[in-house]
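Reader: I would like a close look at a single part of this structure, followed by whatever else stands out in the rest of the chain. Please give the cut-offs as you go.

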Amino acid sequence: METNTASVICQQLDCGKSGTVSNTESRLKGAPNWLDIVKCRPHDSTLWQCPSSPWGQNKCDDGEVALITCEQKNVALKGTATQSSQYDSYGAAGNAIDGNRNTKYTGGSCTHTKQDSKPWWRVDLQDVFTVTSVTITNRGDCCSERIDGAEIRVGNSLDDNGNQNPLCAVVPSIAAGESSSFQCNWTMGRYVNVVLPKPGILTLCEVEVNGHDSSGYLPLRLQGGNTMCSGRVELWYEGSWGTICDDLWDINDAQVVCRQLGCGTALKAHGNAAFGRGNGQIWLNEVKCWGSELHLRDCPHSLQDHRTSCSHKEDAGVTCEGENCCAALLLSAWISVVSTV
């Protein structure tokens with residue numbers, strides 16, 4: 001397998017734009033190898049477009065399995081941080097994105113809020129990123145239980161200081177001085193919050209946001225629904241939020257929206273402004289997703305650019321399975337993808 005092929009797989013899985021290839025033994029002995037002699041070209045965007053030998057026709061054994069390592073990075077390092085309050089001069093919000101996992105508070109590398117009704121910390125990544133995981137390092141010299149029950153949220157909204165964005169994970173606990181990683185299911189957003197949904201004090205010694213730039217995609221949000229994973233679909237374009245016309249809108253389109261937002265499987269595609277009429281521009285019309293795309297921008301569509309015959313009584317919406325469901329992408333039975341920071 002060549003580097004071009006690894007890069008196509010990494011991009012299809014939303015795990016960065018490049019990857020390296022090595023060989024490993026199959027994790028399940030005797031299982032079939034489906035693909036061989038795969039040679040992706042520079043213009044291929046999915047594995048299925050790449051030339052290969054016929055499915056299931058190869059002479060590979062258990063020791064000839066491709067292992068792909070996709071490149072990612074801590075995108076929080078170039079961000080700016082803020083928090084609900086600051087306890088003293090040692091506990092600045094920016095300490096959690098200084099690249100230092102020092103867990104001793106007086107070392108000046110941990111944050112510390114005052115006793116707040118709902119203490120929170122937020123990093124502005126300065127652009128929209130696809131977030132695959134968040135790693136939190138807990139304080140080591142005191143009070144490790146303060147992190148228990150904290151929520152990690154990722155999104156583009158600053159409503160409630162960003163604390164109502166889609167849920168990535170809930171932190172059950174982290175041992176004193178230790179680091180734990182939490183998967184975010186390819187959630188897109190500019191803001192990453194760590195918030196305690198109860199009175200307390202929040203202390204963080206490092207927050208690492210693993211992902212890659214998705215500014216070329218269309219950031220989405222759901223409005224007007226009863227949960228974070230249902231509502232009118234709105235997208236950010238040319239500096240403002242707008243809606244999508246329901247012409248040709250179906251369950252395949254909803255599937256892509258739910259996947260992009262990290263909301264699991266689509267249950268229903270809504271039309272006729274089922275979640276109320278939106279405001280501003282109607283940015284998209286005649287969206288024609290296959291249902292397998294990772295982002296709505298990947299689907300054929302008409303980008304209106306202020307010109308449409310639709311009105312807001314035709315705003316499209318979705319209902320997704322849930323707020324914290326996993327969206328699994330399976331490329332083939334025997335390609336392993338390992339994400340590294």
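Author: The account below begins with one helix and then moves to other local features.

The model is predicted, so local features are reported only at pLDDT of at least 70 and side-chain atom pairs only at pLDDT 80 or more, whereas totals for chains, interfaces and linings use all residues. Residues are numbered from 1 along each chain as its sequence is written, and side-chain values use heavy atoms, with hydrogens and water left out.

The part chosen is helix 2, residues 251-260. Helices (H or I, at least four residues) and strands (E, at least two) are DSSP runs numbered from the N terminus. Seven of the 10 residues of helix 2 are buried, so the helix is largely enclosed by the rest of the structure. Buried means under 20% relative accessible area, exposed means over 50%, and partly exposed lies in between (1.4 Å probe, protein chains only). The buried residues are Asp253, Ala254, Val256, Val257, Cys258, Arg259 and Gln260. At the start of helix 2, a side-chain oxygen of Asp250 comes to within 3.1 Å of the backbone nitrogen of Asn252. This is a polar contact: a pair of N or O atoms within 3.5 Å where, within protein, one must be able to donate a hydrogen and the other to accept it, and where residues adjacent in sequence count only if both atoms are side-chain atoms. After helix 2 comes Gly262, with a positive phi near 70°.

Positive phi also turns up away from glycine. Most residues other than glycine have a negative phi. Asn272, in the loop between strand 13 (266-270) and strand 14 (282-285), has phi near 55° and is exposed at 62% relative accessibility. Ile37 has a positive phi of about 50°; this residue sits in the loop between strand 1 and strand 2 and is exposed at 52%.

Trp48 lies in that loop too, between strand 1 (19-24) and strand 2 (65-71), and is partly exposed at 48%. Together with Trp34 and Trp55, Trp48 makes a nonpolar surface patch of about 380 Å². Patches are made of residues with over 30% relative accessible area and no salt bridge, with like charges joined within 9 Å and nonpolar side chains (Val, Leu, Ile, Met, Phe, Trp, Tyr) within 5 Å. A salt bridge is a side-chain nitrogen of Lys or Arg within 4 Å of a carboxyl oxygen of Asp or Glu.

Asn74 belongs to strand 3 (residues 73-74) and is buried, with a relative accessible area of 14%. Polar side-chain atoms of Asn74 are found 3.1 Å from the backbone nitrogen of Ala76 and 3.0 Å from that of Val209.

Searching the whole structure gives one aromatic pair. The pair is Tyr90 with Tyr105, tilted, at 5.9 Å centre to centre and 55° between the planes. Rings of Phe, Tyr and Trp (its six-membered ring) pair if their centres lie within 6.5 Å; planes under 30 degrees apart are stacked, over 60 edge-to-face and the rest tilted. Tyr90 and Tyr105 are 15 residues apart, both in the loop between strand 4 (80-83) and strand 5 (120-137). Tyr90 is partly exposed at 39%, while Tyr105 is buried at 6%.

Definitions and conventions: Areas by Shrake-Rupley, 256 points an atom, 1.4 Å probe, with all protein chains shown as cover.
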